[in-house]
Amino acid sequence: MSLAPFRILCLLLALIALLSVARTAAIGGMHFTDPTIPNNANNFYSYTFSHFEPLSLYATAAFFVGLCIYARRGGQESLGLQRVVTSRRLPLYVALGVLLFAAVGRFWIHQNFDLCVDEYLNEFEAKILQQHHIVAQVPAEWIGDVHAMNVAFQIYHGDATQGYWASGFLPGTAFLNAVFDSLDLGWALAPVLAGSSILLLASLARRAFPDEAVLAANSAVLLLACSPQFLIMALTKFAWPVHLWGTLLWVWLFTHPNRFFFLLTPILGVCLIGLHQPQVHLLVAIPFLLRLLYTFRWRAMLWFGAWYLVGSWSWLHVLGILRPTETGVGGDLRNLALPNLGFPFLLSVFISTCHFITLYAWMTPILLPLVLIAVITWRMQPALVHDSIPAAAITFLFYLSFPHLQGHGWGYRFMHPAYGLLALAGAGGLVAWIRIYKTPLAVNALICSLLFSLIIQIPYRIYEVRAMVRPLSLAWAYIASRPSDFVIVQTSEFWYACDLIRNDPWLRQKPFVFDGQHLTDSQKADLARRGSVLTVGADEVRPFGVFISNPANVPTGD
């Protein structure tokens, strides 16, 4: 068969990459991408998108042009690396490599620092859970200052005499962090789950393609492990790597031939609802649960339905404790633009093109065309791929309703729970390609993509992450090590200073850190009477390379 369709697809993907550069330039030209604007704490994504994505997209375009030329010349010769996809032990080696990369990278690349408040709040809640509580009582003497002592999504509930605070997110991931913290391995949760995700994905691929078990398993794990988003997110304390692992384990149980394991699936599903945000797991599960319905497996449907109804009701009550005033504060479901329709919805569609570009730029390049091939060869794909592709699509389409950029994250984090399913679909596309064309080109293209990721994409993303994380990591280390009772951070003087207002949930560990913008003069005087006070502003953090605010850059609105 002719390879012309594949060459056209390569050129289209190269064109998409080049057109995407124009979008990065458009975002870069907007004022909110400027990190020197005072109090501009909503532009982490827009800054990284406009400063780091163009070079990555140019490289991706060059890759697809080169692949098109290679296919035009035949692409039949062996590259000498075919053993990569024929070794039965490859998934184990890849899993160990991912674990090692993530373990070392947590310290060397990510500085063992929780950059985003989502990461910090997981650790904040973990410290509360270690004391066998779900919320922490705020000492009465600090209730008047509590709003200067917390960060976004850190929920306080109480009055002038008593109250408590907690993370605004469900505590499942925090519980796992607490378990690892109790072993003095708080940094290791995401690396361990990333390594085990590789093994789960390999097992699923073998189950889905029993006739091509080795090829499917090896290609799936390589597509996942060589995608920068997967590797870099494994360095963080976000809930998203836990969601990815949980999704793969849930699908592994759901598709297991042993009925006992199958019946455990909804029990695990209830646990996954409580990891972070309740809708994340449900979005991925929808196509699989619908399969029970249209295949008339009524008993299984009742079993799943009972567990999910009871579990959802239980987690709703937990949310009522964490967010008692307004159950949705800090929650993704409050961000929906669909009820508003009109401009907010159109804005969310516009922004989602940025998110698609990010997803595209942070995956090993051959993954996207392989997923497209799996869609084109739908009738050749097994049921597992038939459910995996809609699961990923539903997840992406749901977040179309969010009229804002994703904020922090490496790659497009909202798609991370379905990332393993995308790799599985990519493996299905590769298997179908080989069955149709019966040429070495498919494997050669996979190998070229993996080499491109290892030599260009991953080192570039390592540079990006270190450049963005290290300055704030050093700033926090400076704040946390001050020999004073209280530290007042002048959050208007440097970028993302508001994310560095971090305190022990029980207020037992000093220094206590305050947001200077939320303190009155009388509160500052009261702190001076209670103990030693140190103020941290632009002059103190400038040596660390943090972006310093420039009041002259405040938008005038003209």
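Is Y496 buried or exposed? At 5% relative accessibility, Y496 counts as buried. The cut-off for buried is under 20% relative accessible area. Please keep in mind that this is a predicted model.

I start with Y496 because a residue at 5% counts as buried, and its backbone deserves a look too. Phi of Y496 is near 55°, which is a positive value in a residue other than glycine. Y496 sits in the loop between β4 and β5.

The loop between β4 (486–489) and β5 (512–515) also holds P511. The peptide bond leading from K510 into P511 is cis, and its omega is near 10°. K510 has a second role here, as a partner of D485 in a salt bridge, with the closest N and O atoms 3.6 Å apart. That pair links distant parts of the chain: K510 belongs to the loop between β4 and β5, while D485 belongs to the loop between α17 (441–480) and β4, 25 residues apart. K510 is partly exposed at 45% relative accessibility, and D485 is partly exposed at 24%.

Another positive phi in a residue other than glycine is found at N112, where the value is near 50°. N112 lies in the loop between α3 and α4 (117–130). With a relative accessible area of 36%, N112 is partly exposed.

Next, helix packing. The axes of α11 (residues 279–294) and α15 (residues 383–398) come within 9 Å and cross at roughly 140°. That angle makes α11 oblique to α15; the limit for roughly antiparallel is over 145 degrees. The crossing of α11 past α15 is right-handed.

What joins R291 to D387? A salt bridge does, with the closest N and O atoms 2.7 Å apart. R291 is in helix α11 and D387 in helix α15, so the pair ties together parts that are 96 residues apart in sequence. Both R291 and D387 are buried.

A second helix pair is α9 (residues 240–254) with α10 (residues 259–273), whose axes come within 7 Å and cross at roughly 155°. That makes α9 roughly antiparallel to α10. Here the crossing is left-handed.

How many salt bridges does a search of the whole structure find? It finds ten. One of them is between D526 and R530, with 3.1 Å between the closest N and O atoms. D526 and R530 are four residues apart in helix α18 (residues 521–530), so about one helical turn separates them. D526 is partly exposed, at 23% relative accessible area, and R530 is partly exposed as well, at 34%. Elsewhere, E53, R461 and E464 are joined into one network by salt bridges that share partners.

Now the surface. A nonpolar patch is formed by L92, Y93, L96, L99, V192 and L199, which together have about 510 Å² of accessible area. Helices α3 (90–108) and α6 (189–208) each supply at least two of its residues, and α3 gives the most, with four. Y93 is in helix α3 and is partly exposed, with a relative accessible area of 46%.

Last, one contact in the N-terminal part of the numbering. I16 lies in helix α1 (residues 4–28) and is partly exposed at 33% relative accessibility. The C-alpha atoms of I16 and A61 are separated by 8.0 Å, with their positions 45 residues apart along the chain.

Definitions and conventions. Residues numbered from 1 in each chain as written. Predicted model: local features only at pLDDT ≥ 70, side-chain atom pairs only at ≥ 80, totals over all residues. Heavy atoms only, no water. Patch = residues over 30% accessible without salt bridge, like charges linked within 9 Å, V, L, I, M, F, W, Y side chains within 5 Å. Areas by Shrake-Rupley, 256 points an atom, 1.4 Å probe, with all protein chains shown as cover. Salt bridge = Lys/Arg side-chain N within 4 Å of Asp/Glu carboxyl O. Buried < 20%, exposed > 50% of the residue type's maximum accessible area, 1.4 Å probe, protein only. Axes fitted to C-alpha atoms, helices over the stretch in contact; angles between N-to-C directions. Parallel < 35°, antiparallel > 145°, perpendicular 65-115°, else oblique. Left-handed = near helix turned anticlockwise from the far one by under 90°.
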